[in-house]
Amino acid sequence: MEILVSSRHIFKDLLMHYITLPVVLTFLGGIAGSVVGFSKYGAEYQTMDSYNYYSLPWLDTVISPYLIVYGVIMPPFVAMVVNLLVVRCSLSRTALSLIRNEQKACQDNSSRGIEE
């Protein structure tokens with residue numbers, strides 16, 4: 001019984017280890033991208049050529065809450081979901097196949113109705 005508890009504990013530790021760094025990096029990248037995008041050198045600087053060439057009326061930059069959520073919250077959320085699926089799939093293999101570095105696509109036969 002202790003082995004099952006220990007292996008579950010190790011699984012959670014490995015899962016957190018492989019998810020933490022990508023989520024933190026995408027969160028910091030989302031903050032940096034949003035700050036640059038909403039600053040003077042972001043949208044205004046990139047659209048300056050269009051304003052000068054086409055003689056467009058000057059538009060104010062509006063920072064909407066959904067843009068902040070889309071730029072800061074969505075990248076870490078997507079990274080967490082993708083890494084959760086990939087790491088869970090990789091860690092569901094047997095220890096021997098992980099040691100041998102066998103490349104096998106992750107399949108869940110129970111969802112297809114296939115019994116082994």
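**Close-up views of a five-helix chain**

The protein chain holds five helices and zero strands. The model is predicted.

**View 1. The whole chain runs α-α-α-α-α from the N terminus on**. Of its 116 residues, 14% count as buried. The chain exposes about 9,800 Å². Carbon and sulfur atoms supply 66% of that area. Take the contacts with a separation of 6 or more: residues 24 or more positions apart account for 66% of them.

**View 2. Helix H2 spans residues 40-54 and carries a kink**. H2 has 15 residues. From its first C-alpha to its last, H2 reaches 20 Å. That is close to the 21 Å expected at 1.5 Å a residue. The kink is about 40° and is centred on Met48. Just after H2 comes Ser55, with a positive phi of about 55°.

**View 3. Tyr53 and Tyr54 form an aromatic pair**. The structure holds one such pair. Its geometry is edge-to-face. The ring centres lie 4.8 Å apart, and the planes meet at 90°. Are these two tyrosines buried or exposed? Tyr53 is exposed, with a relative accessible area of 66%. Tyr54 is exposed too, at 56%. Exposed here means over 50% relative accessible area, so both residues qualify.

**View 4. Helix H3 covers residues 65-91 and is kinked at Ile73**. H3 has 27 residues. The helix reaches 38 Å from its first C-alpha to its last, close to the 39 Å expected at 1.5 Å a residue. The kink is about 40°. Ile73 comes shortly before the proline Pro75.

**View 5. Six residues named here are buried in H3: Val72, Pro76, Ala79, Asn83, Val87 and Cys89**. An α-helix has 3.6 residues a turn, so residues three or four places apart point the same way. Compare that rule with the spacing of the buried positions, among them Val72, Pro76, Ala79, Asn83 and Val87.

**View 6. Val23 of helix H1 touches Pro76 and Met80**. H1 covers residues 2-38. The two contacts leave out residues up to four places away in sequence. Pro76 is also one of the buried residues of H3. Where does Pro75 sit relative to Val23? The C-alpha atoms of Val23 and Pro75 are separated by 8.0 Å. Along the chain, these residues are 52 residues apart. Pro75 is the proline that follows shortly after the kink at Ile73.

Notes: Residues are numbered from 1 along each chain as its sequence is written. This is a predicted model: local features need pLDDT of at least 70, side-chain atom pairs count only at pLDDT 80 or more; totals for chains, interfaces and linings use all residues. Side-chain values use heavy atoms; hydrogens and water are left out. Helices (H or I, at least four residues) and strands (E, at least two) are DSSP runs, numbered from the N terminus. The expected span of a helix is 1.5 Å times one less than its number of residues. The bend at a residue is the angle between axes fitted to the seven residues ending there and the seven starting there. Buried means under 20% relative accessible area, exposed over 50%, partly exposed in between (1.4 Å probe, protein chains only). Contact means heavy atoms within 4.5 Å. Accessible areas come from the Shrake-Rupley method with a 1.4 Å probe; for residues, only the protein chains shown count as cover. Rings of Phe, Tyr and Trp (its six-membered ring) pair if their centres lie within 6.5 Å; planes under 30 degrees apart count as stacked, over 60 as edge-to-face and the rest as tilted.
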